[in-house]
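Hi,

Here's the structure I said I'd pass along. Have a look at it first, and my notes follow underneath.

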Amino acid sequence: MAYREHKERLDLLRRLQLSPQSKTPDTVLEWTELHIGKAYIDNLPESIDRCRNVKKIYAAFSRLSSLPQSISNLPHLTVLDLSHNTFTTFPIALCDLTNLEVLSLDNNKLSDIPVDITKMKGLRKFYISFNAFTTFPIALCDVTNLEELSLDNNKLSDIPVDITRMEGLRIFYLNENAFTTFPIALCGLTNLEKLNLNNNQLSDIPVDITRMEGLRMFWLYSNAFTTFPIALCGLTNLEKLNLGNNQLSDIPVDITRMEGLRIFYLNDNAFTIFPIALCGLTNLESLYLGNNKLSDIPVDITRMKGLRLFCLNHNAFTTFPIALCGLTNLEVLYLSYNQLSDIPVDIARVKGLTIFWLDKNAFTTFPIALCALTNLEVLHLGNTQLSYIPVEITRLTKLKILSLDNNNITHLPPQMRSMESLTDLDVKGNPLVQPPKHIANRGLDAIKRYFEALTDTKAIQSSRIQVNFLGETEAGKTSISRTLQLGQSTLTKKADRTRVVEQGTWEADEDIAFNINDFGGHDVYKIGHPIFISTRGLVFITFNLSKYDPEKEGHYQLHIGDWIDMVQAQMPGIQIALLGTHLDEVKNPHAETKCSAITRQLEDHASEKKKWYQAQKETCENKIKEIPEAQASLRQAYQSKAAHLQTLFGQMKPIYEHIFTVSSKTLKGVQDLRDYLVSFARTSAEVLPGMWVEAAKNICTKKIEGPENTLGWEVIEDLILQNAPTSWKEKHTQEEKEKTICDILSFLAHRGDIIWFDKSPSLMKVVFHKQEVIVNVLKAVLTHDQGEVSQKLQKSMKITRRKAPKIKEDIFSRGIVSKQAMSCLCEPFKLSSTEVDVMTEMMLKLELCYQVQEDESLPSNISFHFPWLLTEERQPELDTKWPSKVPPDTTQLTLQVFFPYKCPDGFYEKFSVRQHKHLGLMKTMRMDWKDGVYAELEGCKMQLTRWQNQSNLDPVSQVPDWVISIAVRGSHLSDMWRVLMRGHRDLMDIIKGDWPGLSYDKYLVCPHCVSEDSEHQPPSTTAQNAEIPTKRKRYCQKTPTLFPGEILDQTIRTASKPRQVPCVNTGVSIPVDLVYPPHLAMSWQE
Ligand SMILES: Nc1nc2c(ncn2[C@@H]2O[C@H](COP(=O)(O)OP(=O)(O)OP(=O)(O)O)[C@@H](O)[C@H]2O)c(=O)[nH]1
Ligand SMILES: [Mg+2]
């Protein structure tokens, strides 16, 4: 049932409470279950007894500390969940609920139970884990019908003898308490079946334990046993015994008396020699001996005829313990985390083995003996050092799951496609060539299809690499790119500026080719790079070496540094190299001197980045040290932040160490560049089916020769299947052929040959094989050049002269492009109307704009909103809806995300577009201006803004940070948090997807500081703050307290909770739910 519906029920009960005389509505009488958990209420309504037929009430995760007496009038109530509340005493009203069977008061603050509990004759299961009991609540001894009792996670150290009166008790949880000696009274519980004493400090067990004849399962994990408690040997009916995580190093022979034992945990102990006595446990089925220091197994083990599962992970085996081969009934064997390098042929004797864990060992060659284990269904061989998989693996015809991740495998045998049972193949983290990595990532089916194509057509080792020249205008990009292609000096003319993008190919060898992209400088690329540049490709940051002056202020940043930052933010893993042109115009020794200066500048740049990460990390670590124990959740927030910084830093690929210098005039240095390109291509060569290579060639030819702007599905089909052998075509259904086409297209897209959106059903039918077509359109739409747009509108036949200014006004002040205006802007490129539609759909998909139907009665009246185009300032009338000062009775939650130096181009705009998903659907009010959005939704007001933080300049560079902030105002915290958290998730998703290498910092601004003062508001709204009363001025001088934004990333609950958190900058304490969203805040304990 939906959360909202439960809330409605609660509201209904509240209304009934206000009119006690009213008749109980029939719906209330129909309720049999009431879910009012997470309602954050202090009391259940007195009217609870109106739901006379209710059987189950769930009221966990609230603030309940008492119950209305009326609850005792619910005769049918059998289940009541009051866990995670704030009861300090047992709610006495419950004692009259004689039919209650299950009661949970877990996670409260109880320390005693009243004698009246004995009235609850029906009680079967009682949960009081995580409370404050220091002594056993004696009253329970007379609840003789109780079957299950959990008292774990309290502070008990003894049990009274009276417990023996609880004759019905079957299951008893006493783990995580303070027992140092075994509570002897337990021995009288002769009917007890399950006893959990994990995580205490026991070191012995009394012989009286044998009185517990009913005991079947006994947990003693994580205690202080150094020798095996011999008394246990008398428990001949025991079936499951857990003695893991103690300090045992031997087992007495008496153990053989435990004939009933089936499952035995001895992991995490101190065994160095296999305890031979175990061999007498011939009925044992599962034996866990992981995390010890075993290096051998005696032959006697074969006596354990019943053994099915044997765990020996994390031991010290360097050679395979041959005795295991005699365990012919074994089905599951764990040997992960050892140092095995081979498996003997005798393993074939363990015929029934179905699951075999061998990952994290030291195999360098594939243990071929495994191939005789024909019943194997699961085989784990990840994280070893395998480089080769033999074709014999296909003998494992029943194999379903095979993990080979993180090895050095380059080739898989094509015959693997015939392994029909295989459903899961993990080959992540291998330098795969056959199949190519990208195909492997598409899953097992794609791998099988690839292998099939490989068998049907010739296999060709091939490499086609995308080479991208980026850099300032007139750097020499076009000249070097043409020079490379033609193999002779090709200088451009002065007037020959690259307006969009020039594409070319260079075939260095029969099987090595390059797709060359030469980009002209335009902002469009800055948003579009990830669409155009393949992460497998190369990026050359090109600059004119003769004009480059290392001494000149800003030269490095403009010509090199900014470009590196931009590329690394979007594609942190891509290989970047520097290319200095105009070598002929540089006087020798100058070239080398300049290059070494640049090398130093590169190093400074890299070390500055590193410092930024380190400083951030140190701040986190210092905070972690300062945070009190009780605020574990906050601590975790900082830990995850530190970890995130570490990964961010780790994923960045260093710039190629050599700076290439070339002259497109004299060809000096060009050979060096070619050699590097060829060697780079060779290292990333892949084995491809002949059919694929032909398909790629056909499509690439179309780029240069064909007249089409885009390729439709039929053309694609034709280009790809043209060269497929007839036998292949006959063998496959249309559906299978389409899958193969998708494999090939996805491969080509990944390699950067084409642009293809496989996730969108309509877009996937179109291939953008010419980058310049997309670029042209993007450039035409996303231009800020009003004159150019006016001209186009005037030229267009579709638009009347009278209408043109209105359309222009729409575009530039409101960021709105109507469907008609769109086709008009595309006119010069001679696109078909379908192509215009496809382009618009692509822009929607890239979230450059969102679509709005302006008039409900006119379905064709569609327009597209581009935040990118907005030029208007914030509308003054918004000051009444969102005054700079937070109004009384209103709270403001604020998230601020800081970007050092630069807010990546298009980031804010994408975020603004994404909001349409939430705002559009509900038809809420939304107002946009150039750096912000105001919206009213779900009972809250929200303002998104982008601004530069002038008050916090970088101490060295004096460059202000960019900030994107989400502020939510309202009076219902839980609604406000929902809106804020959704905005936060959108921001993080965009970073993860589009700018994975971006450095940022995020904070929650203290709502208390915000309401005291508006200093930190965006500059545009702070003008009124000049006249602030003196008392409030005091606060203004301080910056608001910032809490780590990582709080919002936390999902788990912690056991400790202050009700208040300190607002450090003003010295006051504020309620925890102003800083923590409800799902985190309410689970804390004082
Ligand atoms: N002497 C000399 N001139 C060069 C060299 N490379 C390029 N040029 C000249 O420098 C100018 C700019 O070269 P382009 O290759 O067009 O530069 P670009 O980076 O493509 O410029 P945009 O297309 O505007 O981004 C042209 O006049 C070229 O003739 C070179 O190695 N030596
Ligand atoms: Mg150019």
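**Around ligand 1**

The shell around ligand 1 splits into 9 polar, 6 charged and 2 nonpolar residues. Bear in mind that this is a predicted model. In total, 17 residues surround the ligand, and Thr-473, Thr-478, Ser-479, Thr-492 and Thr-498 are the closest.

As for polar contacts, the side chain of His-582 has an N or O atom 3.1 Å from an oxygen of ligand 1. The side chain of Glu-585 puts an N or O atom 3.2 Å from a nitrogen of the ligand. Ser-664 uses its backbone instead: an N or O atom there sits 2.8 Å from a ligand oxygen. On its own, ligand 1 would expose 640 Å², and the protein buries 93% of that.

**Elsewhere in the chain**

Helix α14 covers residues 734-751, 18 in number, and spans 26 Å from first to last C-alpha, close to the 26 Å expected. Which of its residues are buried? The list includes an unbroken run from Thr-740 to Leu-748, plus Lys-737 and Arg-751. Right after the helix comes Gly-752, with a positive phi near 95°.

There's also a hairpin worth a look. Strands β38 (residues 1060-1063) and β39 (residues 1068-1071) run antiparallel, joined by 4 bridges. Pro-1062 faces Ser-1069 across the pair. The strands have 4 residues between them, and Gly-1067 has a positive phi here too, near 75°.

Shout if you want to go through any of this together.

Cheers

Conventions
Residues are numbered from 1 along each chain as its sequence is written. Chains are lettered from A and ligands numbered from 1 in the order in which they are written. This is a predicted model: local features need pLDDT of at least 70, side-chain atom pairs count only at pLDDT 80 or more; totals for chains, interfaces and linings use all residues. Side-chain values use heavy atoms; hydrogens and water are left out. Helices (H or I, at least four residues) and strands (E, at least two) are DSSP runs, numbered from the N terminus. The expected span of a helix is 1.5 Å times one less than its number of residues. Buried means under 20% relative accessible area, exposed over 50%, partly exposed in between (1.4 Å probe, protein chains only). Two strands pair if DSSP finds at least two bridges between them. A residue is near a molecule or strand if one of its heavy atoms lies within 4 Å of it. A polar contact is a pair of N or O atoms within 3.5 Å; within protein, one must be able to donate a hydrogen and the other to accept it, and residues adjacent in sequence count only if both atoms are side-chain atoms. Accessible areas come from the Shrake-Rupley method with a 1.4 Å probe; for residues, only the protein chains shown count as cover. Ala, Val, Leu, Ile, Met, Phe, Trp, Tyr, Cys and Pro count as nonpolar, Asp, Glu, Lys and Arg as charged, and the others, Gly among them, as polar.
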